[in-house]
Amino acid sequence: MKINKSPWIHQLNQDRKMKPLANDLDTDIVIVGAGIAGVSTAFFLLKYTQHRVVIVEQGKLAHGATGHNAGQVVARFERPLHSLVDEYGLEKTKQALHDLQSGWALIDEMYTDANLDIAFSRVNGVRGFSNIEQVLEILRDMEIEHMSGLSINTLLISEDAPFRELLPSALKNLYSFVPHKEILAKLETEYTDFHAVLIDQAACVNSALFCQEVIESLSQKFSDRFALYENTRIEKLVLKENHALLDAGKHTIHTHKVILCTNGFERLEILNEGGLEVDKRFHHSVEGVVGYMSGYLETMNKAGIAIAYYMKDDKPASAHEDAYFYLTRRPHEMGDTKHNLICMGGPEVLIRDREEYLNDYDYPDQMQGEIDSFVKKVYDADPNRKIDYQFTWHGLMGYTPNRVRLIGTEPKNPALLYNLGCNGIGIIPSVFGGRKIARIISGEKLESSIFDPRIQKS
């Protein structure tokens, strides 16, 4: 067994002083959760409103999913777009796609305002496909993106693909044929099962370090109306008609608004004394998926990249049906030397509703074995090489029932709002969610969207 050692946590300031809640508190807005969602929500609330904002975190800043992810930034849904169209209609799906795309500019805004100088590596996001079912699925998604007015690249398909005759001629404007070796080169592999590749926009970032630096900026710029309290667990949330009370153990917080920015697993009891009972079944139906990742350092002799490998038959044995292996390569400082950090993941474990997840669980040998096998079979292509994995880590992802992020006001009581549900690729949705929450609290009348709790809970 290995320890849970994340490369993102490794880069944080280990001497930073933590401040737990030490007394009762009265404020305008409380954000529960100090990960990328909570920090982004605080940023936009402080910038665009005059409210007093407090973040409470049961552990340490950015030490949850934000400090234990794959570091990929992509503006995608982790479910087929045509299924969103079937569920919500084309117009709402088109708007949701544009909403996610707006996240790129919002991250730039946070970098500029907080004067960040940490790495944000814009890279090619490469997805490799190996069978006709995967190719047809991505073509259907591309058709919806094209109908939405988004700029998309052509899907490249190998000239000798075994499924060439099965490709739909009605979508031939979305794909073109190239030599098989070009497909493999773009995927940086010699594994010949891959026959199609799509390249789009992606980035790599240490989201934990990002949160740390944004919090430092907010603490300096808004010292009169912002505070972060760590090691402060919220046991109970009581919603009144126009305000809320949070039970923080020995202390109580009175606030006008509460925003849940967690993965939905904390044993938080919600009582709505200002209206109908909040649907606990919905909260408890947020599934927990623990993703396992490993990383090693290499000489910095290649450009950064983010690759998703959709395998033909041998997907991660421990993963759900539509899982895939993913890999990122980005610069990483280790001491005084810069290297490329190669990170990969894929193995996952579903945990039961409300089960306690601990970051310090050991890293199972089975998961390391699956990742090592993938690296040597697909990426590194040297089955005899012994790789020194300096980092092995796991993180909790929260999957909402429909795999769409939950952003907005609780229908039963407007004192409660949500920006939660990682759904596997959560950095851009978290940032977009933070801006949307600020717009709602500012009083803007926004059109309904697929992210709305009222729609998702109907």
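**Buried elements, nonpolar cores and aromatic contacts**

Of the 13 residues that make up helix H2, 11 are buried, so the helix is largely enclosed by the rest of the structure. The model described here is predicted. The buried positions of H2 are Ile-36, Ala-37, Gly-38, Val-39, Ser-40, Thr-41, Ala-42, Phe-43, Phe-44, Leu-45 and Leu-46. The length of H2, which covers residues 36-48, agrees with expectation, because at 1.5 Å a residue its 13 residues should span 18 Å and its end C-alpha atoms are 18 Å apart. Tyr-48, in turn, has Arg-435 lying over the face of its ring, at 3.8 Å from the ring centre.

In soluble globular proteins, nonpolar side chains tend to be buried together. In the present model, the largest nonpolar core comprises 74 residues, and those with the most contacts inside this core are Ile-31, Val-73, Phe-77, Val-214, Phe-226, Ile-259 and Phe-451. When neighbours within four places in sequence are left aside, Ile-259 is in contact with Thr-41 and Leu-45, and also with Ile-29, Val-30, Ile-31, Val-32, Leu-417, Tyr-418, Asn-419, Ile-437 and Ile-441. Both Thr-41 and Leu-45 are among the buried residues of H2. Apart from the largest core lies another, of 33 residues, which includes Ile-183, Tyr-191, Leu-327 and Val-375.

Strand E7, formed by residues 196-205, is mostly covered, with eight of its 10 residues buried, and several strands pair with it. Strand E4 (residues 120-129) runs antiparallel to E7 and is joined to it by 10 bridges, Phe-120 having Val-205 of E7 as its bridge partner. Strand E3 (residues 72-73) is likewise antiparallel to E7, with two bridges between them; here Val-73, which is listed among the residues with the most contacts inside the largest core, has Ala-203 as its partner in E7. Strand E5 (residues 155-158) is also joined to E7 by two bridges in the antiparallel sense, and in this pairing Leu-156 stands opposite Val-197.

Strand E17 (residues 391-399) is mostly covered as well, nine of its nine residues being buried. Phe-391, Trp-393, Gly-395, Met-397 and Tyr-399 point one way from the strand, whereas Thr-392, His-394, Leu-396 and Gly-398 point the other way, and residues of both sets are all buried. Strand E13, which covers residues 287-298, pairs with E17 in the antiparallel sense over nine bridges, and Phe-391 of E17 serves as the bridge partner of Gly-295.

A pair of aromatic rings is described by the distance of the centres and the angle of the planes. The count of aromatic pairs in the model comes to 17. In one of them, the rings of Tyr-310 and Tyr-324 have their centres 4.7 Å apart and their planes at 35°, so the pair is tilted. Tyr-310 and Tyr-324 both lie in the loop between strand E14 (305-309) and strand E15 (325-334), 14 residues apart. Tyr-324 has a relative accessible area of 13% and is therefore buried, given that the cut-off for this class is under 20%. Ring pairs also link Tyr-191, Phe-194, Tyr-309, Phe-325 and Phe-374 into a cluster, and Tyr-191 of this cluster belongs to the core of 33 residues. A charge placed over a ring is found at Phe-177, where the charged end of Arg-164 sits 3.7 Å from the ring centre.

Conventions:
Residues numbered from 1 in each chain as written. Predicted model: local features only at pLDDT ≥ 70, side-chain atom pairs only at ≥ 80, totals over all residues. Heavy atoms only, no water. Buried < 20%, exposed > 50% of the residue type's maximum accessible area, 1.4 Å probe, protein only. Helix = DSSP H or I, 4+ residues; strand = E, 2+ residues; numbered from the N terminus. Pairing = 2+ DSSP bridges. Phe/Tyr/Trp six-rings, centres within 6.5 Å; stacked < 30°, edge-to-face > 60°. Lys NZ or Arg CZ within 6 Å of the ring centre and 35° of its normal. Core = buried A, V, L, I, M, F, W, Y, C linked by side-chain atoms within 4.5 Å. Contact = heavy atoms within 4.5 Å. Expected span 1.5 Å × (residues − 1).
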